[in-house]
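Hi everyone, thanks for coming. I'd like to walk you through one protein model today, so have a look at the screen and stop me whenever you like.

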Amino acid sequence: MAVEFSKLYAPLLEWVYEQAEGHPQAGVDLGPFAVEHGLEERQGFDLLTYGKSKGGLDDRFATLGTPEANLTSYGLDLVEESLKRRASPVARSKAARQSLLRWLWAQKDLGVHFPTIDGFVGTPEAVFEGQELPLEEVDRAAGYLSDKGLIKGTKVMGRRGPVRAEITVEGQDCVENYDGDPSAQDRRGQVGATYNTFLPNAQGVIVGEQQNFTQNNSNGIDPSVFIQLAGYVGQISATLGMNDPQRVELERVAQELHDAASSEVPEQGRLRHLAGQIKERLTAAGATMAATVGVQMAEQAIGSLM
C-alpha cells in the first residue's frame, strides 16, 4: 500500500503534541496513530523516519520494537503556530472565502452549474490548518463573496449566502489573477511598478505587481522595498530545495512581511525583524543565485530603515 506521508505529517505532529499532555517534547508511541490511519506496523517506523527527515520529529525514546517519537523544537513551533492561526477568526474567514471561491471556479471549469454550497463542506478544499470548515463559516464566506459580486446564486431565509451558487466573471478574475484573494483584488487600483530581477542564465524573475505607496512616511519607511522582497520570496521559494516545512515557514514570514508593509502605519521594528528572518532563512537555504539575490534584497530593505 502506497502511503502519502506528506499528508499525514501535519496531523501527526499535532497528534504527538496532544498525546504528550502538557509535556510537548515527551516520547509518544506512534502505534495508535498508525492503526487509526490504516498503516501496517512497519509503516509506523517509516512514518517516524519521514517525520525526522522533515525536522519535526525525533526518536530519542524509540526502541527496536516501538516507533516512539518526540517533537523537536522546530516541530513544536510548527504545531503552536498552526494552532494560533486556527484560533484566529480573521484567518479562518479569509481562508474560507478563498478556498470556497477556488472551489466554485473548479466546479464551473468541470461544467457543474450552480453547485450547492453545502457540497463544498467536507471536501479536501474545505479545510483550514488541518480542521474542517463548518457550514456556518462556509455560509458566512458565501455571503461575503455574494455581496462582493464574486459569486451569484439562490438565497433562502436563514442563510447569509446563496445555497446554490456560481462564480461570476469578476470571481473568475479574482481566482486567476489574485489566487482567489478578494483583498488582493481590492488593492488592484493601487498597483504600481513591476520589478524585474534578472539572474544569470535565466530569463528573469518577475517579482510581481507591487503596491505603489504614495503617502508621506514621516518615520522614514519605504514600504515598497519590503513588499518587493516579500513578492520575490514568494516566487522563488519553490526553487530553493527546502523541505516542505521550511518552505511553508519561509512563505508564511514573507506573507507577514507583505501584510506588515501594506498596513497604514508600518512598524519599523516589525519590518526589520521579518526581513531579518527572511535573510536568515535564505542564507540557510544555500548559495544559489536566487537565494543570494534575496539576501541582498533583504539587506537593502533593512538598510533603508532610518
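Let me start with a question: in which sense do strand β1 and strand β3 pair? Find residues 28-29 for β1 and residues 68-71 for β3, and you'll see that they pair in the antiparallel sense, over two bridges. One thing to keep in mind throughout is that this is a predicted model.

If you want a residue to hang that on, take D29, whose bridge partner in β3 is E68. Now look at strand β2, residues 57-58, which is joined to β3 by two bridges and also runs antiparallel to it. There, L57 has L71 of β3 as its bridge partner.

Put those together and you get an open sheet of three strands, in the order β1-β3-β2, with antiparallel pairing. Why is one side of β1 and of β2 left without a neighbour in the sheet? Because β1 and β2 stand at the edges, and each has a single partner strand. For anyone new to this, strands of a sheet pair through backbone hydrogen bonds, and they can do that in a parallel or an antiparallel way.

Okay, let's zoom out for a second. The protein chain has twelve helices and nine strands. Of its 306 residues, 42% are buried. And if you take contacts between residues at least 6 apart in sequence, 55% of them join residues at least 24 apart.

Now for the helices. Two packed helices are described by the angle between their axes and the distance between the axes. Let's do that for helix α9, residues 223-236, and helix α11, residues 268-285: they pack at an angle of about 30°, with their axes 11 Å apart. The cut-off for calling a pair roughly parallel is an angle under 35 degrees, and α9 and α11 are therefore roughly parallel to each other. Their crossing is left-handed.

Who actually meets whom here? From α9 we have F226, L229, V233 and I236, and from α11 they meet L271, A275, I278 and L282. Sorted by class, this contact has eight nonpolar residues, no polar ones and no charged ones.

Stay on α11, but turn to helix α12, residues 289-303. Their axes come within 9 Å and cross at roughly 160°. That makes α11 roughly antiparallel to α12. The crossing of α11 past α12 is left-handed too.

What about the residues of that contact? On the α11 side they are R272, A275, G276, K279, L282 and T283, and on the α12 side A291, G294, V295, A298, E299 and I302. The classes here come out as six nonpolar, three polar and three charged. By the way, you may have noticed A275 and L282 in the α9 contact, and they turn up in the α12 contact as well.

Next, a couple of single residues that I'd like you to click on. Try R252, which lies in helix α10, residues 244-262. Is R252 buried or exposed? At 18% relative accessibility, R252 counts as buried. Leaving out residues up to four places away in sequence, R252 touches E81 and R85. R252 and A230 are 22 residues apart in sequence, and their C-alpha atoms are 9.9 Å apart in space.

Then there's Y74, in helix α4, residues 73-86. Y74 has 25% relative accessibility, so it counts as partly exposed. With residues up to four places away in sequence left out again, Y74 touches K54, G55, G56, P245 and Q246. Take P245 from that group: P245 and Y74 are 171 residues apart along the chain, yet their C-alpha atoms are separated by 9.3 Å.

Last stop: the backbone. Most residues other than glycine have a negative phi. So which residues have a positive one here? One of them is F114, with a phi near 50°. F114 sits in the loop between α5 and β4, and it is partly exposed, with a relative accessible area of 31%.

Another is D179, with a positive phi of about 60° although it is not a glycine. You'll find D179 in the loop between α7 and α8. D179 is partly exposed as well, with a relative accessible area of 46%.

That's my tour, so over to you for questions.

Terms used. Residues numbered from 1 in each chain as written. Predicted model: local features only at pLDDT ≥ 70, side-chain atom pairs only at ≥ 80, totals over all residues. Heavy atoms only, no water. Axes fitted to C-alpha atoms, helices over the stretch in contact; angles between N-to-C directions. Helix = DSSP H or I, 4+ residues; strand = E, 2+ residues; numbered from the N terminus. Parallel < 35°, antiparallel > 145°, perpendicular 65-115°, else oblique. Left-handed = near helix turned anticlockwise from the far one by under 90°. Contact = heavy atoms within 4.5 Å. Nonpolar A, V, L, I, M, F, W, Y, C, P; charged D, E, K, R; others polar. Pairing = 2+ DSSP bridges. Buried < 20%, exposed > 50% of the residue type's maximum accessible area, 1.4 Å probe, protein only.
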